[in-house]
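Welcome to a short tour of side-chain packing. Please keep the structure open beside you as you read.

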Amino acid sequence: MKKLLLRIGLVIAAVVLYSLFWYRTMQPVRLTIGVYAGSYWGTSIGDRYEFLDEVIDFFEKNHPGTKVSYESGIGIDSYSEWLAQQYMKGQGPDLFLVLPEDFSLLAASGALYPLDDMIRQDDGFNLSIYYKACQMAGQMENRQYALPFESVPTLMFVNKSLLKQYGISMPEHNWTWDDFYDICRKITEGSEAQTEKKAYAVYNYSWTDMLYANGAKLFSEDGKKCNLGSLRVREAVLFDQKLRELNNGFTVTARDFDEGRVAFRPFLYSDYKVYQPYPWRVKKYSNFEWDCVEMPAGPRGGNVCEIESTLIGMNARSHRKELAWDFMKLLCGDEELQKKMYSSSVGISPMIAVAEDKELLNTLFRGVPGDYEINLDVIHDIMSTGVSAPRFRRYHQAMIMAENAVDTAMKSGKAIEEFLVSSQRDINIMLGA
């Protein structure tokens, strides 16, 4: 009887083990991705889900037994909160899109898995395929935590109709702060008598935009030192003040700009790509002609702008890291897929070979009106010289302190240079320098 029970027990154990083996081998390996609906930059071309579904289909065919899924319908405004809640519940996706403003917190909190070892061990992958600024957008404290997916530089919007009204030509590609100020002065002084139709030089262009064009670095690479009192930064702040003085205390608003009474405004490339072609350019600003040009260069810099990038990061808690890495490489590093993304999105591919593909650029901008021609040389100049915002743990706190210091210095009437040096010491204390 005991032998019979033992045999029955062995048979049951064998059946259970076989069932578990069958279940594990026959069930697909599931990889989850966190994505948001729409565009981070507030504009939309094409369907993000359609592109993602195409990538997933390609990936699953080349990885038999794998099922990739995502939750659709998460808006950009609620995405960060959704991602945080998922992570706190221990249900975070294996991979997820990372917004620029969330990156430092996610990396510092340990939510993002550092990719350096995977990159180093993968002979078929190299970060050199990306523009430096795009690659640096996913790096903090010399560790790579994410790969760039889509990038958007900043251009300078030009109200061509207003410039023509004052007999001013469209700026050249290599224009400078002196050129910029000269145009601003001519417009503000020339329209001084026209109270109701007063024209203004610029809207929403400040010293933080000017830093990059003057070759300034507000913080050290490791985030331990602030350079608010340095010469290059001071020059940017003083130029900002100089421009503001042209308005005699008047604060230029977005409404003034929309009414066509403002000559310049920093403009995202995503807006240019969406609204430049007819008929969208007419629907956007029907009362004046417009175009875009590179940012003006400071005396110690060049026509340099900030480049923002949305990223793809890996959940540090993921149990499918190798599979997740394969999907990341496909989404962010496959040239053909990136070309499709570039064609249907509002941004620029962070991959050099894709962004500077001559045939693709000709297709994208064929027939686009305007004096400013977006071509291979322009894309190369903008993307190769562009910079990304600093990445370190206390960046947001330090940036708020710096902005408050500059604002106080301008309003107080004190010697700006001395005030910036003093404020720099306070920020360095906070950073632990």
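Let us begin with two aromatic residues: tryptophan 175 and phenylalanine 264 are both buried. Keep in mind that this is a predicted model.

These two rings make an aromatic pair of the tilted kind, with 5.6 Å from centre to centre and 45° between their planes. The pair joins distant parts of the chain, as its members are 89 residues apart. Tryptophan 175 belongs to the loop between helix H7 (160-165) and helix H8 (177-190), while phenylalanine 264 is in strand E8 (residues 262-268). In total, the structure holds 26 aromatic pairs. You can also look for an aromatic cluster formed by Phe157, Tyr203, Phe257, Phe267, Phe288 and Trp290.

Now for the nonpolar core. The largest one has 141 residues, and Phe264 is among those with the most contacts inside it, as are Phe180, Trp207, Leu218, Phe219, Leu228 and Phe327. Which residues does phenylalanine 180 touch, leaving aside neighbours within four places in sequence? Its contacts are Met156, Trp175, Val202, Tyr205, Phe239, Leu243, Phe264 and Pro296.

Lysines also meet aromatic rings here, as the table shows.

| Lysine | Ring below the charge | Distance to ring centre |
|---|---|---|
| Lysine 242 | Tyrosine 181 | 4.3 Å |
| Lysine 321 | Tyrosine 113 | 5.0 Å |

Finally, a word on cysteines. How many disulfides does a search of the whole structure find? The count is zero. Cysteine 134 counts as buried because its relative accessibility is 0%, and cysteine 332 is likewise buried, with a relative accessible area of 0%.

Conventions. Residues numbered from 1 in each chain as written. Predicted model: local features only at pLDDT ≥ 70, side-chain atom pairs only at ≥ 80, totals over all residues. Heavy atoms only, no water. Core = buried A, V, L, I, M, F, W, Y, C linked by side-chain atoms within 4.5 Å. Buried < 20%, exposed > 50% of the residue type's maximum accessible area, 1.4 Å probe, protein only. Contact = heavy atoms within 4.5 Å. Phe/Tyr/Trp six-rings, centres within 6.5 Å; stacked < 30°, edge-to-face > 60°. Helix = DSSP H or I, 4+ residues; strand = E, 2+ residues; numbered from the N terminus. Lys NZ or Arg CZ within 6 Å of the ring centre and 35° of its normal. Disulfide = S-S within 2.5 Å.
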